[in-house]
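Colleague: I would like to go through the terms used for this model and ask what stands behind each one. Please set the value against the criterion each time.

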Protein chains: 2
Amino acid sequence: MYDASLNTPRAEIEARIAALQRVLARRGVDAALILQKSDLFYFSGTIQQAVLWVPADGRPVLMVNRSLERARAESAIERVVPLPSPSRIPSILKEAGLKAAGRLGFELDVLPVALFRRYREIFGAETLDVSTDIRLIRAVKSAFEIDLIREAARRSDQVAALLPGMIRPGMTEIELAGRVEAEARRLGHQGIVRMRLWGGELFYGHLLAGPSGGVPSYQASPTGGSGINPAVAQGAGSRVIGRHEPIVLDYVFAWRGYISDHTRLFSLGPVADDLQAAHAAMLELQEEIRRRAVPGAVSGGLYDLALDWVQRRGYADHFMGASEERVRFVGHGVGLELDEFPFLNAGQTLPLATGMVIALEPKLIFPGRGVVGIENTHVVTPAGLEQLGRYPGEITVI
Amino acid sequence: MYDASLNTPRAEIEARIAALQRVLARRGVDAALILQKSDLFYFSGTIQQAVLWVPADGRPVLMVNRSLERARAESAIERVVPLPSPSRIPSILKEAGLKAAGRLGFELDVLPVALFRRYREIFGAETLDVSTDIRLIRAVKSAFEIDLIREAARRSDQVAALLPGMIRPGMTEIELAGRVEAEARRLGHQGIVRMRLWGGELFYGHLLAGPSGGVPSYQASPTGGSGINPAVAQGAGSRVIGRHEPIVLDYVFAWRGYISDHTRLFSLGPVADDLQAAHAAMLELQEEIRRRAVPGAVSGGLYDLALDWVQRRGYADHFMGASEERVRFVGHGVGLELDEFPFLNAGQTLPLATGMVIALEPKLIFPGRGVVGIENTHVVTPAGLEQLGRYPGEITVI
């Protein structure tokens with residue numbers, strides 16, 4: 001039942017483990033205990049109920065609660081052993097001939113307190129936070145990962161291309177969303193979209209028409225949408241899609257774990273000239289940032305550049321949110337999670353590096369009227385950003 | 001843009017806050033800081049980026065980062081104030097005339113370590129875990145909540161009733177899943193299904209045919225399914241649905257935050273007689289448990305009863321998973337989250353109470369062949385469990 005062709009290749013896993021081991025050695029950390037699902041998948045190739053022990057020096061051990069059979073079928077980690085209970089980890093490591101860690105790294109940005117306390121008690125070691133180290137490693141993608149993201153972006157394009165044929169007069173946002181999502185599933189969308197930030201969540205993304213596009217988000221996102229209820233408070237709502245209003249399809253395609261984040265605009269009949277002009281401006285800004293986003297460019301500097309550009313064009317009050325509801329970024333890394341390094345946020349100092357993958361999303365919000373703009377997933381190359389999505393950036397008038 | 005008719009009524013919020021305050025007073029905790037999304041929604045009626053301060057004595061304060069306007073529109077909490085940064089909480093409380101907490105409660109089962117450390121530094125108070133207290137309060141539903149779950153179950157029935165008309169020969173699990181999900185969206189499914197357990201996740205649920213129904217889960221679930229890739233490792237996969245195999249639709253309907261968990265079986269042409277008999281046995285077992293699940297019954301005792309029953313019928317090796325892959329439960333509480341108290345698990349001592357809502361899911365797994373059984377969301381009443389789903393429990397032969 002497990003298709004081995006979908007497994008993460010051994011060479012990938014080995015390179016990722018080696019990168020983590022270099023950081024552990026440099027920081028003087030004896031081992032890292034990988035527990036979080038996205039990190040576990042990245043370093044082991046499986047998300048089965050398991051913990052991955054990565055010593056600074058030596059071979060990793062994948063200890064599996066369930067399903068052992070499946071973890072063995074999926075993971076390129078050589079040592080895969082059963083784990084009846086977390087309390088057994090020290091004895092398992094001892095039997096494997098591994099020495100206990102004096103300094104042990106955890107993913108403290110995501111690990112819940114109660115669980116951390118349990119593990120701390122089991123090990124009695126000095127504990128350190130290695131989450132930033134892990135996020136920095138994951139930020140630079142391999143050729144294998146970029147190929148998967150390229151496939152995801154190709155499917156984002158396919159989904160966008162299907163929307164005009166699915167929309168009908170009188171349809172609500174959520175009804176159209178359901179139809180679009182059914183096509184995404186047919187194309188292999190995995191459904192689940194992971195975010196690292198605690199409390200962050202997304203269901204495909206935001207399909208919003210007209211005024212819905214101007215409803216702010218509780219998350220760090222330029223759009224929110226009213227959503228179908230206050231319990232989710234984002235995404236498609238029960239409003240009927242009108243004519244001449246911008247319809248935004250800001251949807252993630254998640255393919256074999258990897259994310260393409262992609263926004264395109266549609267309308268039933270043309271939108272007003274000023275919105276049309278605003279949209280064209282965002283396409284220009286995308287081009288502008290793309291050229292400057294070369295390896296070594298500072299992530300926060302690209303936001304400053306964008307802000308300066310929209311100020312000169314008179315769009316500052318609408319950029320990435322209206323007035324006090326604005327968010328202070330213009331892009332974010334994507335990979336196994338939607339919120340990866342680098343963040344093109346005000347004040348961020350992380351420089352871009354070749355192989356980083358960035359969803360760049362310059363947008364303008366007009367309260368009561370909607371959102372315009374673009375989003376594409378890009379790879380950082382020495383020549384600037386390579387755009388992966390190919391569906392035309394102009395508003396598709398239906 | 002915010003539909004006030006969808007708001008949680010003031011009387012609900014007041015009763016919930018009062019219940020929490022009684023527990024805080026009893027435990028000698030001065031205040032609780034509510035941060036997790038489901039808890040925040042339960043106690044305030046909004047999931048906007050906010051923290052809710054609940055003193056053991058006095059009125060709660062909702063401090064909102066974003067969107068303030070939306071939180072004010074949605075929440076029945078009277079004191080809603082802006083929160084530029086968590087470090088400002090103590091001064092905001094002081095300005096509101098509230099005294100500092102010497103003993104402060106947190107949701108330590110879910111709160112990440114790094115975030116907890118930041119809050120601990122801000123308050124300098126003794127910190128306690130109030131997560132179990134909160135979960136016990138949330139376990140007993142109000143009439144308002146039961147009505148919403150009833151609505152969710154009604155929609156689960158509608159989705160099940162649509163499946164026979166959507167399946168076509170040659171269709172893959174994921175293609176059928178997409179179509180079913182589109183209908184669920186049209187009926188108002190919110191998409192996002194929340195789980196409390198760290199690393200727990202679900203995308204609608206499991207639509208599995210034949211052998212897929214026998215693939216174990218990494219989660220505490222009788223079924224897993226191969227899934228579309230190892231990065232999600234559950235749910236519908238790319239296998240073509242065959243004739244005469246059990247097709248399980250184990251899907252959640254999430255309506256205004258609240259969950260109905262619902263399983264029905266279908267097949268293209270009848271399944272083998274032994275599977276048919278096994279399915280009928282699970283309907284009988286559901287009936288058996290239902291009668292015994294009265295207020296005061298011990299949750300773990302209901303699992304023991306089920307296990308004893310399947311042992312006598314010769315189904316023990318298939319119950320809730322095949323041999324060593326089995327999970328040791330037969331039901332779980334549902335509400336805003338899929339994994340609420342009570343758990344009908346081996347060893348659980350929590351007694352049932354009137355108003356608890358339980359998804360009861362007796363199932364039998366036959367590796368290589370599939371899963372049979374039933375799941376319904378029920379309300380605990382003095383007469384036993386009241387079943388909310390109405391779609392026939394027998395296998396629907398198409």
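Colleague: At what angle do α8(A) and helix α8 (residues 173-186) of chain B pack, and how far apart are their axes?

Modeller: This is a predicted model, so the values are computed from predicted coordinates. In it, α8(A) and α8(B) pack at an angle of about 170°, with their axes 8 Å apart.

Colleague: Why is α8(A) called roughly antiparallel to α8(B)?

Modeller: Angles over 145 degrees count as roughly antiparallel. The angle here is about 170°, and therefore α8(A) is roughly antiparallel to α8(B).

Colleague: Which residues make that contact?

Modeller: On α8(A), they include A:Ile174, A:Ala177, A:Gly178, A:Glu181 and A:Arg185. On α8(B), they include B:Ile174, B:Ala177, B:Gly178, B:Glu181 and B:Arg185. By class, the contact of α8(A) with α8(B) holds six nonpolar, two polar and 10 charged residues.

Colleague: What makes a residue such as A:Gly178 polar in that count?

Modeller: The class scheme puts Gly among the polar residues. A:Gly178 and B:Gly178 both belong to the contact, and its polar count is two.

Colleague: How many residues does each chain bring to the contact between chains A and B?

Modeller: Chain A brings 58 residues and chain B brings 58 residues. On the side of chain A that touches chain B, α2 (37-44), α3 (68-74), α5 (113-123) and α8 (173-186) each supply at least two residues. Of these, α8(A) gives the most, with nine residues. That side of chain A divides into 28 nonpolar, 16 polar and 14 charged residues.

Colleague: Now within chain A: what makes α1(A) oblique to α6(A)?

Modeller: The axes of helix α1 (residues 10-27) and helix α6 (residues 131-139) of chain A come within 10 Å and cross at roughly 140°. Roughly antiparallel needs an angle over 145 degrees, and roughly perpendicular covers 65 to 115. The crossing angle falls in neither range, so α1(A) is oblique to α6(A). The crossing itself is right-handed.

Colleague: Which residues meet there?

Modeller: A:Arg16, A:Ala19, A:Leu20 and A:Val23 of α1(A) meet A:Asp133, A:Ile134 and A:Ile137 of α6(A). They divide into five nonpolar, no polar and two charged.

Colleague: Where do the axes of α9(B) and α10(B) cross in angle, and what is the handedness?

Modeller: Helix α9 (residues 273-292) and helix α10 (residues 299-313) of chain B have axes that come within 10 Å and cross at roughly 145°. The crossing of α9(B) and α10(B) is right-handed. Among the residues that meet are B:Leu285 and B:Ile289 in α9(B) and B:Leu305 and B:Trp309 in α10(B). By class, this contact has eight nonpolar, no polar and three charged residues.

Colleague: Why are β4 and β6 of chain B said to stand at the edges of the sheet?

Modeller: The open sheet of six strands in chain B has the order β4-β3-β2-β1-β5-β6. β4 (79-82) and β6 of chain B each have a single partner strand, so one side of each is left without a neighbour in the sheet. Neighbouring strands of this sheet are turned by 25° against each other on average, direction ignored.

Colleague: How do you know that the pairing in the chain B sheet is mixed?

Modeller: Both senses occur. Strand β2 (residues 49-55) and strand β3 (residues 61-66) of chain B run antiparallel and are joined by five bridges, with B:Val61 as the bridge partner of B:Trp53. Strand β1 (residues 31-34) and strand β5 (residues 103-106) of chain B pair in the parallel sense over two bridges. Pairing requires at least two bridges, so β1(B) and β5(B) qualify.

Colleague: What stands on either side of B:Leu104?

Modeller: B:Leu104 is the bridge partner of B:Ala31 and stands opposite B:Thr127 in β6(B). β5(B) and strand β6 (residues 126-129) of chain B pair in the parallel sense over four bridges. With helix α5 (residues 113-123) of chain B, they make a right-handed β-α-β unit.

Colleague: Which strands does α2(B) lie across?

Modeller: Helix α2 (residues 37-44) of chain B lies across β1, β2 and β3 of chain B, and runs at about 60° to β2(B).

Note on methods:
Residues numbered from 1 in each chain as written. Chains lettered and ligands numbered in written order. Predicted model: local features only at pLDDT ≥ 70, side-chain atom pairs only at ≥ 80, totals over all residues. Right-handed = clockwise from strand over helix to strand, strands pointing away. Contact = placed C-beta atoms within 7 Å. Axes fitted to C-alpha atoms, helices over the stretch in contact; angles between N-to-C directions. Parallel < 35°, antiparallel > 145°, perpendicular 65-115°, else oblique. Left-handed = near helix turned anticlockwise from the far one by under 90°.
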